[in-house]
Amino acid sequence: MSMKATPNDQRSILNVAQLDQQANLLRHKAATLPELQEITSATVKFNNARDLRIAAETELSDVKRELLRAEADVEQIVSRITRDEARLIGGSASPKELEQLQHEVGTLGARRAELEEIELEIMMRVDGIKERITALQSEESALALEIANLEISKENALTVIGADLADAAEERAKTAATVNAEVIALYEKIRASNNGTGAAALVGNQCKGCHLTINTVELQRIAALAEDELVRCEECRCILVRG
């Protein structure tokens, strides 16, 4: 069944459709801000750096315990060498005992050198892990700052988009209020079932809603209609507003 709509109502409903399209574009812009992807990427890097730093701190604790054991081993050897050297200097031992003590001191000295080499290697590992932790902490701090700046940039962009959306909504409400309720209801019904497009302009022989060409016979039929006759696109079924 055909519906009547004044030329003013038809122009207004087209304005409403354009405002709805503008709002859709703004919402799409908000959902696809470059900052969102950059925040996600930087957050992944931050989490990786944090996990590596935590793992390195755990490794450092283990290696420090290893160092303590190595230091204890060296101290034990040094204590035995000190004791044997004291007996050698005391001169109270027999020649055979002195010979045994000298041999033991020599053996202990070699063992001490081995243990001190192990201790040095562990200390170097500790230094290396500490350097790695410092580098990872610096990376975390830099990424945290980058994420914070991106969050500020995102919020600023969303504030602007939000203001534009509010303006569009206000303008839409004012425009829709001037249109016949039945026409608005039809527009909303079409829009809900047509991917958000409820009305479009007829420009030349093309519907700007579906961007398809209207055949000559249909164009002639539309041209013969009264200006208050509401026209629908045969393809997308949206309200077709003549210029």
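Where is arginine 237 found? Arginine 237 sits in the loop between β3 and β4, and we will come back to that loop below. The model shown here is predicted, and each legend takes you to one part of the structure.

**View 1. Four strands line up in an open sheet with the order β2-β1-β4-β3.** Welcome to the sheet, where the pairing is mixed. Look to the edges to find β2 (206-207) and β3 (231-232). Each of these two has a single partner strand, so one side of each is left without a neighbour in the sheet. Helix α1, made of residues 7-31, lies across β1 and β4. The helix runs at about 120° to β4.

**View 2. Strands β1 and β4 run parallel.** Here you can follow β1 (residues 199-203) alongside β4 (residues 239-242), joined by four bridges. To find your way, start at leucine 202, whose bridge partner in β4 is arginine 242. Strand β1 is mostly covered, with four of its five residues buried.

**View 3. A hairpin is formed by β1 and β2.** These two strands run antiparallel, and two bridges join them. Valine 203 is a handy landmark, as it stands opposite glutamine 206 in β2. Two residues lie between the strands of the hairpin. In the turn you will meet glycine 204, which has a positive phi of about 65°.

**View 4. Histidine 211 and arginine 237 have positive phi values without being glycines.** Let us visit two loops here. Histidine 211 belongs to the loop between β2 and α5 (216-224), and its phi is near 60°. Arginine 237 is in the loop between β3 and β4, and its phi is about 65°. Is arginine 237 buried or exposed? At 41% relative accessibility, arginine 237 counts as partly exposed.

**View 5. A salt bridge links arginine 111 and glutamate 114.** Now we move to helix α3, which spans residues 95-177. In this pair, the closest N and O atoms are 3.1 Å apart. Why might such a pair form? Side chains of opposite charge can pair when their charged atoms come close. Both residues lie in helix α3, three residues apart, which is about one turn of the helix. Arginine 111 is partly exposed at 38% relative accessibility, and glutamate 114 is partly exposed too, with a relative accessible area of 45%.

**View 6. Arginine 112 and glutamate 116 meet through their side chains in a salt bridge.** The N to O distance for this pair is 3.0 Å. Because arginine 112 and glutamate 116 are four residues apart in helix α3, about one helical turn separates them. Arginine 112 has a relative accessible area of 31% and is partly exposed. Its partner, glutamate 116, counts as partly exposed at 33% relative accessibility.

**View 7. Leu120, Met123 and Met124 form a nonpolar patch on the surface.** Together, these three residues have about 300 Å² of accessible area. To place the patch, look for leucine 120 in helix α3. With a relative accessible area of 44%, leucine 120 is partly exposed.

**View 8. Arginine 191 pairs with glutamate 188 in a salt bridge.** The closest N and O atoms of the two residues are 3.2 Å apart. Both are part of helix α4, which covers residues 181-193. They lie three residues apart, about one turn of the helix. Glutamate 188 counts as partly exposed, at 27% relative accessibility. Which residues share in the network here? Asp20, Arg172, Glu188 and Arg191 are joined into one network by salt bridges that share partners. How many salt bridges does the structure hold? The structure holds 21 of them, including the pairs shown in these views.

Note on methods. Residues numbered from 1 in each chain as written. Predicted model: local features only at pLDDT ≥ 70, side-chain atom pairs only at ≥ 80, totals over all residues. Heavy atoms only, no water. Pairing = 2+ DSSP bridges. Contact = heavy atoms within 4.5 Å. Axes fitted to C-alpha atoms, helices over the stretch in contact; angles between N-to-C directions. Patch = residues over 30% accessible without salt bridge, like charges linked within 9 Å, V, L, I, M, F, W, Y side chains within 5 Å. Areas by Shrake-Rupley, 256 points an atom, 1.4 Å probe, with all protein chains shown as cover. Salt bridge = Lys/Arg side-chain N within 4 Å of Asp/Glu carboxyl O. Buried < 20%, exposed > 50% of the residue type's maximum accessible area, 1.4 Å probe, protein only.
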